[in-house]
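Dear colleague,

Please find below the sequence and the structure that I am handing over to you. My notes on what was found follow directly after them.

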Amino acid sequence: MARPWHVHTVCGRAVRVHDDLGTALAVRDMLGDDVLDGREKGALAIRMLAVDPDAFAEAFRGRLQEALDEVLASVFGIREGPAPKGRPFDWDHDRARIVATARGAYGLSWEGLQDLPYTEACTLMALSPEDSPLGQAIHYRLAERPRPTRHNREQLEAFDRLRRFYALPEGGASGSVEAKNAAATAAFARLAGRG
């Protein structure tokens with residue numbers, strides 16, 4: 001089966017990019033790998049992302065670093081710096097919740113979800129019904145804590161307990177998006193010759 005792709009504007013040029021969730025997760029994992037060096041990661045990223053890797057490399061000769069950075073940022077949201085706080089879910093940490101929610105709420109298998117464009121898959125998961133496994137986690141991660149009154153101590157304790165239960169790992173656990181995003185940023189910063 002052919003991998004899905006869409007046309008994206010990269011450095012002012014129209015480029016065909018494999019922009020599905022499966023590719024996003026594979027690229028993120030590859031960039032977080034400690035065995036490959038920056039040049040190897042850059043070459044592999046081009047092969048994984050571009051529908052025609054040779055044409056991509058030729059089109060952005062001398063600006064390859066900039067083109068790769070733009071693809072990662074605009075297509076997959078991988079940017080320099082720390083990941084934003086208050087993220088609703090994590091592809092690794094919430095995998096079981098995501099699979100259950102994709103099947104129950106949307107009728108999608110894990111494989112079907114991976115074939116969707118990355119941004120569409122993120123939107124579907126972020127808008128999960130509140131009564132779904134992922135929807136419950138998102139609610140307790142992002143909802144405002146109820147205001148304390150003389151009569152809601154038990155409600156507040158239950159809310160706090162569920163917020164702790166559903167909390168994502170702090171500081172970028174080894175499998176988290178933050179850790180892999182940081183590794184991706186570092187890998188591209190080490191690319192020799194910057195294009």
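**Findings**

I78 is located in the loop that joins α4 and α5. Please bear in mind throughout that the model is predicted. At a relative accessibility of 9%, I78 falls under the 20% limit and therefore counts as buried. I78 and R28 are 50 residues apart in sequence, yet their C-alpha atoms are 8.7 Å apart in space.

**The chain as a whole**

The protein chain has ten helices and two strands. Starting at the N terminus, the order of elements is β-β-α-α-α-α-α-α-α-α-α-α, with the two strands preceding the ten helices. The chain has 195 residues, and 42% of these count as buried. Its accessible surface amounts to about 10,900 Å², and carbon and sulfur atoms account for 53% of that area. If one takes the contacts between residues at least 6 apart in sequence, 60% of them join residues at least 24 apart.

**The loop between the strands**

Strand β1 covers residues 6-10 and strand β2 covers residues 13-17, and C11 lies in the loop between them. The backbone at C11 deserves a look: this residue has a positive phi of about 50°, although it is not a glycine. C11 has a relative accessibility of 14%, which is under 20%, so it counts as buried.

**Helix α7 and its surroundings**

Helix α7 comprises residues 118-126, and its buried residues are Y118, A121, C122 and M125. Viewed down the axis of α7, these buried residues fall within an arc of 100°, so they line one face of the helix. The general background is that an α-helix has 3.6 residues a turn, so residues three or four places apart point the same way.

What lies over this face? The cover of the buried residues of α7 includes α1 (21-31), α4 (64-76), α5 (95-106), α6 (110-115) and α8 (133-142).

One residue of α6 illustrates this arrangement. L113 lies in helix α6, and with a relative accessibility of 0% it counts as buried. Leaving aside neighbours within four places in sequence, L113 is in contact with L21, W91, I98, A102, L108, A121 and M125. Two of these partners, A121 and M125, are also listed among the buried residues of α7. The C-alpha atoms of L113 and M125 are separated by 9.8 Å, and the two residues are twelve places apart along the chain.

Is L124, which also belongs to helix α7, buried or partly exposed? Its relative accessibility is 21%, and because the limit for a buried residue is under 20%, L124 counts as partly exposed. When residues up to four places away in sequence are not counted, L124 touches Y106, L108 and L116. L124 and A105 are 19 residues apart in sequence, with a C-alpha to C-alpha distance of 9.5 Å. L108 thus appears in the contacts of L113 and in those of L124.

**The cavity**

How many cavities of 30 Å³ or more does the structure hold? There is one, and the volume of the largest cavity is about 30 Å³. Its lining is made up of V17, I46, L49, A50, F56, L68 and V71. The elements that contribute two or more residues to this lining are α2 (38-49) and α4. By class, the lining has seven nonpolar residues, with no polar and no charged ones.

I46, one of the lining residues, is found in helix α2. At 8% relative accessibility, I46 counts as buried. Apart from neighbours within four places in sequence, I46 is in contact with P53, F56, L64 and L68, and of these partners F56 and L68 also line the cavity. A further lining residue is V71; the C-alpha atoms of I46 and V71 are separated by 9.9 Å, and the two residues are 25 places apart along the chain.

**Where to begin**

When you open the model, you may wish to start with the buried face of α7, then turn to the lining of the cavity, and finally view C11 with its positive phi.

With kind regards

Technical notes
Residues are numbered from 1 along each chain as its sequence is written. This is a predicted model: local features need pLDDT of at least 70, side-chain atom pairs count only at pLDDT 80 or more; totals for chains, interfaces and linings use all residues. Side-chain values use heavy atoms; hydrogens and water are left out. Buried means under 20% relative accessible area, exposed over 50%, partly exposed in between (1.4 Å probe, protein chains only). Helices (H or I, at least four residues) and strands (E, at least two) are DSSP runs, numbered from the N terminus. The arc is that of the directions from the helix axis to the C-beta atoms. Contact means heavy atoms within 4.5 Å. Accessible areas come from the Shrake-Rupley method with a 1.4 Å probe; for residues, only the protein chains shown count as cover. On a 1 Å grid over the protein atoms alone, a cavity is a set of points where a 1.4 Å probe fits but cannot get out, and a pocket is an open set with protein on both sides within 12 Å along at least five of seven lines; lining residues have an atom within 4 Å of a point. Grid points are joined across faces, edges and corners, and a volume is the space filled by probe spheres set on the points. Ala, Val, Leu, Ile, Met, Phe, Trp, Tyr, Cys and Pro count as nonpolar, Asp, Glu, Lys and Arg as charged, and the others, Gly among them, as polar.
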